Amino acid sequence: MAFVNENFLKLQQRYLFVEVAKRASAYKELHPEADVIRMGIGDVTLPLAPAVISAMHSAVEDLAHKETFQGYGPEHGMSFLRDAIVEGDYVSRGINVTADEVFINDGAKSDTGNIGDILSSANLVGITDPVYPVYVDTNTMGGRKIQFIPCSEENGFTGEIPQNRLDIIYLCYPNNPTGAVITREKLQKWVDYALENESVIMYDSAYEAFIRDESIPHSIYEIPGARECAIEFRSFSKTAGFTGARCGYTVVPKDLKLKSQSGEKVSVNALWERRQSCKFNGASYMAQKGAAAIYTPEGRRQITENIDFYLGTARIIRETFEGLGFNPMGGENAPYIWVKTPGEMDSWDFFDLLLDRANVVVTPGCGFGQAGQGYFRVTSFADRDRTIEAMERIKSCIKSL
Ligand code: PLP
């Protein structure tokens, strides 16, 4: 008889966004006339930049002719994209990363989970709470013990450095869901902790393109010592609207070595290369060509305009909540705005109330972890006019409470 992986039975019943969608659809079924505005899921709404579209079209054209046809590419990505990333995201910022440390993927979600393949299930994992749910679920699937690192307004949602030893630590800045950013000084403390404890930091900087305050680090490799203790995940999803096109990358520095049971130091870069060449066959040629176009001056300008637009929407959301007497977090160097529910309401109760009275869907904070209870997340990726309408409805709803 075949048995299932028991770890999967330990997962929470429903993935957060599935539950949000389920409740919104159930409401719509009961109230078909309701004009529901979705400010919940973090998907983008602006189309791909013209430079990206044109590069993708020409990639399709390459595939249409025998002379330019491309079959399987290197599992770790095409060199034109890896080189563009190294120059555009690292070298130009004075950061030391080389092309053989960059692994192209089909988006950051896959690798933030897949990285567990090369790490022992005996590792104790530290995960900031609240946070993007994928880290918790994939480590539960991998049978690892998790210790939550509570984040709150008091520590700027960046977590206290733990007293005990954690083997793997997940950090995500700018943060989903809180929109919090981390200072260089605080990130240095995490790096020092990891070096001291021989831990590895999984640094998810999927939202780095939203950073406008240049004192905030874009990459963990801006921090001395990080090359010996950190893996970085990046995504083109929010940077350039690739949620459907699918492309991202992971940086595994050659200086990062972890121990085997026998105490031998093993290159994590070599292990990850081995894992990828066995289990992954590369991102699509069109997606990689499109992603490379982001690094041209024209592409860079176009995606920056899009991000500025989202940040403009974020400002409207922040100002609405500030005007209502709330103290919203995020939305300045991040696309998400994080707000405390009125009257200490439970997150799901507030979600239901807003859906019912304002026909607006937000994301309940408790879906991102226990420390998110009593908060909700609003996204700036929604359509601008719909956001303005949603904010008007939220104003009336809150004022009527
Ligand atoms: N990391 C964080 C923090 C995210 O919020 C998301 C998407 O919402 C991802 C990774 C996944 O990105 P991708 O679309 O590249 O898989």
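The following questions and answers concern a predicted model of a protein with a bound ligand.

Reader: Which residues are the closest to the ligand?
Author: The shell around the ligand holds 14 residues. By class, this shell divides into six nonpolar, four polar and four charged residues. The closest of the 14 are A108, D204, Y207, S235 and S237.

Reader: How far is the side chain of D204 from a nitrogen atom of the ligand?
Author: D204 is among the closest residues around the ligand. The pair consists of a ligand nitrogen atom and an N or O atom in the D204 side chain. A pair of N or O atoms counts as a polar contact within 3.5 Å. The distance for D204 is 2.6 Å.

Reader: Which residue places a backbone N or O atom 2.9 Å from an oxygen atom of the ligand?
Author: Oxygen atoms of the ligand are approached from side chain and backbone alike. From a side chain, a polar atom of S235 lies 2.6 Å from a ligand oxygen. From the backbone, the N or O atom at 2.9 Å from a ligand oxygen belongs to K109.

Reader: How much of the accessible area of the ligand does the protein cover?
Author: S235 has a polar side-chain atom 2.6 Å from an oxygen atom of the ligand. Taken on its own, the ligand has 400 Å² of accessible area. The share of this area that the protein covers is 91%.

Reader: Which elements give two or more residues to the shell around the ligand?
Author: The shell includes A108 and S237 among its closest members. Two or more shell residues come from each of the elements spanning 108-114 and 236-240. These elements are helix 4 and helix 7.

Reader: Why is strand 5 described as largely enclosed by the rest of the structure?
Author: Strand 5 covers residues 168-172. I168, Y170 and C172 point one way from the strand, while I169 and L171 point the other way. In a regular strand, side chains alternate between the two faces of the sheet. Strand 5 is largely enclosed because the number of its five residues that are buried is five.

Reader: Which residue of strand 6 stands opposite I169?
Author: Strand 5 runs parallel to strand 3, with three bridges between them, and there G126 has I169 as its bridge partner. Strand 5 also runs parallel to strand 6, and five bridges join these two. The residue opposite I169 in strand 6 is I201.

Reader: Through which helix does the chain cross from strand 5 to strand 6, and is the crossover right-handed or left-handed?
Author: Strand 5 and strand 6 are parallel neighbours joined by five bridges. The connection between them is a β-α-β crossover through residues 184-197. That helix is helix 6, and the crossover is right-handed.

Reader: Which strands stand at the edges of the open sheet with the order 11-12-15-14?
Author: This sheet has four strands and antiparallel pairing. Strand 12 and strand 15 are joined by five bridges, with K340 paired to Y375. An edge strand has a single partner, so one side is left without a neighbour in the sheet. The edge strands are strand 11 and strand 14.

Reader: Is E196 buried or exposed?
Author: E196 lies in helix 6. Its C-alpha atom is 9.9 Å from that of C229, 33 residues apart along the chain. A residue over 50% relative accessibility is exposed. At 68%, E196 therefore counts as exposed.

Reader: What is the C-alpha distance between R212 and N333?
Author: R212 is placed in the loop between strand 6 and strand 7. With 35% relative accessibility, R212 counts as partly exposed. R212 and N333 are 121 residues apart in sequence, and their C-alpha distance is 5.7 Å.

Conventions:
Residues numbered from 1 in each chain as written. Predicted model: local features only at pLDDT ≥ 70, side-chain atom pairs only at ≥ 80, totals over all residues. Heavy atoms only, no water. Near = heavy atom within 4 Å. Polar contact = N/O pair within 3.5 Å; in protein donor to acceptor, adjacent residues only side chain to side chain. Areas by Shrake-Rupley, 256 points an atom, 1.4 Å probe, with all protein chains shown as cover. Nonpolar A, V, L, I, M, F, W, Y, C, P; charged D, E, K, R; others polar. Buried < 20%, exposed > 50% of the residue type's maximum accessible area, 1.4 Å probe, protein only. Pairing = 2+ DSSP bridges. Right-handed = clockwise from strand over helix to strand, strands pointing away.
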